[in-house]
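Thanks for coming, everyone. Let me put the structure on the screen, and then we can walk through it.

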Amino acid sequence: MEITPRPLFPSVVWTTLFDDRAVFNAKMLQLARQMREQDPRGVDNSNVKGWQSPNNLQTLPAFEDINIRILQVCQSIAQSQHFKPNLAYHHQAWVNISPPGAFNQIHYHPNCHFSGVYYVSLKAPECGSIYFRDPRVASRMMTYPIEKMTDFTAEEVWMPPEEGRMYVFPGWMEHGVEENKSDQDRISISFNVLATPKR
Ligand SMILES: [Fe+2]
């Protein structure tokens, strides 16, 4: 007897690794540090003990390169999911500088189709991982008596950070970032993307 599993309603995280990450990240690192120098207070959000810039990278010409890449990656994912043609893609992006001891509380990003993070500089794995929580976890009646976790039984999934890697996920997917237990800053750029009909 053959029993065939068929995933229903999969929650997807897409990932890509930039080929020119060494050169690109050196530039992004410099820009990130400059931004903090200009605004040492930053903004408070899900970041604990970390610095976060305002959500305004999309308006800053110095960040044009990463802004274009964010939109290219998300448009490509949208096409793979048969989004309508002729949509306008809007985004907001911000810098995170998380020193040792910093972490991000679990949260989600409402009112956007995609959210994501791009890793600029860090020491893995000590810097901590982003983790995602099963959106259906609240409706689970029982835990499974398992000896090893599978994609089906997992309630949380950790994705390893890597300099030059981008993760993209649906805005509704709850996520957090573990404490930075390394001896250096974990620097990343986060973003939200919304596709709307062109006027
Ligand atoms: Fe987030």
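**One pair, two sheets, two helices**

Start with one pair: Tyr-89 has Ala-195 as its bridge partner in β11. What you see is a predicted model, where local features need pLDDT of at least 70, side-chain atom pairs count only at pLDDT 80 or more, and totals for chains, interfaces and linings use all residues. Residues are numbered from 1 along each chain as its sequence is written.

Some terms. Helices (H or I, at least four residues) and strands (E, at least two) are DSSP runs, numbered from the N terminus. Two strands pair if DSSP finds at least two bridges between them.

Back to that pair. Strand β4, residues 87-98, runs antiparallel to strand β11, residues 186-197, and 12 bridges join them. Move along to Ile-97. Its bridge partner in β11 is Ile-187. Trp-51 also stands opposite Ile-97 in β4. β3 and β4 are antiparallel too, over two bridges.

Now the whole sheet. Which strands does it hold, and in what order? It is an open sheet of six strands, β1-β9-β6-β11-β4-β3, with antiparallel pairing. The edges are β1 (14-17) and β3 (51-52), and each pairs on one side only.

Helix α1, residues 21-38, packs on this sheet. It touches β1, β3, β4, β6 (114-121) and β11. The direction of α1 makes about 95° with that of β6. A contact here means C-beta atoms, placed from the backbone, within 7 Å. Axes are lines fitted to C-alpha atoms, for helices over the stretch in contact, and angles run from 0 to 180 degrees between N-to-C directions. Helix α2, residues 64-80, lies across β1, β4, β6, β9 (165-170) and β11. α2 runs at about 125° to β4.

**The core**

Next, the inside. The largest nonpolar core has 33 residues. A core is a set of buried Ala, Val, Leu, Ile, Met, Phe, Trp, Tyr and Cys residues joined through C-beta atoms within 7 Å. Buried means 20 or more other C-beta atoms within 10 Å of a residue's own; 12 or fewer is exposed, and in between is partly exposed.

Which residues touch the most other members? Ile-66 and Ile-189 do. Two or more residues come from each of α1, α2, β4, β6, β7 (130-133), β9 and β11. β6 gives the most, with five. Look at Ile-66 itself. Leaving out residues up to four places away in sequence, Ile-66 touches Met-28, Leu-57, Ala-93, Tyr-118 and Ile-189.

Right beside it in sequence is a residue to compare. Asp-65 is in helix α2. Is Asp-65 buried, exposed or partly exposed? Partly exposed, because 13 other C-beta atoms lie within 10 Å. Asp-65 and Phe-24 are 41 residues apart in sequence, yet 8.9 Å apart in space, C-alpha to C-alpha.

**The second sheet**

There is another open sheet. Five strands, β2-β5-β10-β7-β8, with antiparallel pairing. β2 (47-48) and β8 (156-159) stand at the edges; each has a single partner strand, so one side of each has no neighbour in the sheet. β2 and strand β5, residues 103-107, run antiparallel and are joined by two bridges. In that pair, Asn-47 has Asn-104 as its bridge partner in β5.

**Loops**

Three backbone details. The peptide bond from Ala-124 to Pro-125 is cis, with omega near 0°. Pro-125 lies in the loop between β6 and β7.

The other two share a loop. His-82 is in the loop between α2 and β4. Asn-86 is found there as well, between α2 and β4. Neither is a glycine, yet His-82 has a positive phi of about 60°, and Asn-86 has a positive phi of about 60°. His-82 is exposed, because 7 other C-beta atoms lie within 10 Å. Asn-86 counts as exposed, with 7 C-beta neighbours inside 10 Å.

**The whole chain**

Last, the overall numbers. The chain has two helices and 11 strands. Buried residues make up 28% of its 199 residues. Of contacts between residues at least 6 apart in sequence, 88% join residues at least 24 apart. The C-alpha atoms fill a box of roughly 65 × 45 × 30 Å along the principal axes.

What is the radius of gyration? The chain has 18 Å, which agrees with the value near 16 Å for a compact globule of 199 residues. That radius is taken over C-alpha atoms, and the globule rule is 2.2 Å times the number of residues to the power 0.38.

Conventions
Two residues are in contact if their C-beta atoms, placed from the backbone, lie within 7 Å.
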